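Grab your viewer and work through a few exercises on the structure below. Each one sets a task and then walks through a solution.

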Amino acid sequence: MGSTKRTKRRIASVLAAGCAAGLIPAATAAADSPAPAPAPVRGAAPEPWEPYVDQGFTAPAGYTCAFPLKATPLEQDMVKRVLERHPGGAVKREEYKGPLVVEYENTDTGATVVRDVGGHGFPEYRADGRLKRYLAVGPVGFGMRDGDDFPKGFWIVDGVHVAEFAEDGTRGFSVRMGPEENVCAALDG
C-alpha cells in the first residue's frame, strides 16, 4: 500500500509540474490527482470537448516491428479539446482522454493481443503542425523507429511519460515513470 501512495504522489508531482510549465491545464490535473494543482499559467480557457474517433493504423514490416503491425480499436469513447493555439491560429496544445481498447495484430502470423491505451494525452505542436512533445499519463501507445532515441518497437507506456520529437523527426522519452511494454515482442513468436 505504501508503494501505491508513493506512486500517486510522484504522479501528482509530475502533473503539478506539467501545470506549472503550461503543458497541462490545472483543472485536468486536479481531476486526475489527489494533490492540489497550481493555478493555470496561461490565461486562455480550453476550447470545448469534442468526440474523437481513433481510426487505428497499419504499419509496414520494419517500421516499428519486424513484421506488419495492424492496430484495430475495439472499444472507444474518446474526446479531445484544444488547450492553446499559436498566434496564427494553428493548434499548439491539445488534450485527449477516454476509454480506448485496441487489438494489435502481427499480420504475418495472425497473432493478436488486446491492450488498454485509454490514458490521458497532452500533445504539443510546433507552429507548422509537427509534434514537439507529448505528455502521456498512461496507458498510451508510441511507435519508435530505427534512429530514434529509444529501442525500436510499438510501446504501451503507463504511468507518466514525456516523448520529445526533435526537429529532424527523431523521438525519445525525456521522462519515464511507469511500466513499458513492447507490443512487437508480445506478438513475435
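## Warm-up: the chain as a whole

Of the 189 residues in the protein chain, 43% are buried (under 20% relative accessible area; exposed is over 50% and partly exposed in between, with a 1.4 Å probe and protein chains only). This is a predicted model, where local features need pLDDT of at least 70, side-chain atom pairs count only at pLDDT 80 or more, and totals for chains, interfaces and linings use all residues. Residues are numbered from 1 along each chain as its sequence is written, and side-chain values use heavy atoms, with hydrogens and water left out.

**Exercise 1. Work out which stretches to handle with care.**

Step 1: start with pLDDT, the predictor's confidence in each residue, from 0 to 100. The protein chain averages 85, and 77% of the residues score at least 70.

Step 2: look for the weak spots. Over residues 1–22 the pLDDT is below 50, yet this stretch has 27 contacts beyond near neighbours in sequence (contact means heavy atoms within 4.5 Å). Residues 24–42 also stay under 50, and there the model has 42 contacts beyond four places in sequence.

Step 3: apply the rule of thumb. Where pLDDT is low, don't read the predicted coordinates in detail.

**Exercise 2. Find the disulfide and describe what it ties together.**

Step 1: search the whole structure for a pair of cysteine sulfur atoms within 2.5 Å. One disulfide turns up: Cys 65 with Cys 184, their sulfur atoms 1.8 Å apart.

Step 2: place both ends. Cys 65 sits in the loop between strand S2 (57–59) and strand S3 (69–76) and Cys 184 in helix H3 (residues 183–187), so the bond ties together parts that are 119 residues apart in sequence. Helices (H or I, at least four residues) and strands (E, at least two) are DSSP runs, numbered from the N terminus.

Step 3: get the handedness. The torsion about the S-S bond of Cys 65 and Cys 184 is about -75°, so this disulfide is left-handed.

Step 4: check burial. Cys 65 has a relative accessible area of 1% and is buried; Cys 184 is buried too, at 7%.

**Exercise 3. Characterise the lining of the largest pocket.**

Step 1: take the volume, about 800 Å³.

Step 2: list the residues. There are 30 in the lining, and the closest to the pocket's centre are Tyr 52, Asp 54, Tyr 134, Val 140 and Gly 141. For the record, a pocket is an open set of points on a 1 Å grid over the protein atoms alone, where a 1.4 Å probe fits, with protein on both sides within 12 Å along at least five of seven lines; lining residues have an atom within 4 Å of a point. Grid points are joined across faces, edges and corners, and the volume is the space filled by probe spheres set on them.

Step 3: map them to strands. S5 (91–97), S6 (100–106), S8 (120–125), S9 (131–137) and S10 (140–144) each supply at least two lining residues.

**Exercise 4. Compare the surroundings of Asn 106 and Lys 97.**

Step 1: Asn 106 lies in strand S6 and is buried, at 2% relative accessibility. Among its contacts beyond four places in sequence are Phe 67 and Leu 187.

Step 2: Lys 97 belongs to strand S5 and is partly exposed, at 31%. Its C-alpha atom is separated by 5.7 Å from that of Val 79, 18 residues apart along the chain. Beyond four places in sequence, Lys 97 touches residues including Trp 49, Asp 77 and His 120.
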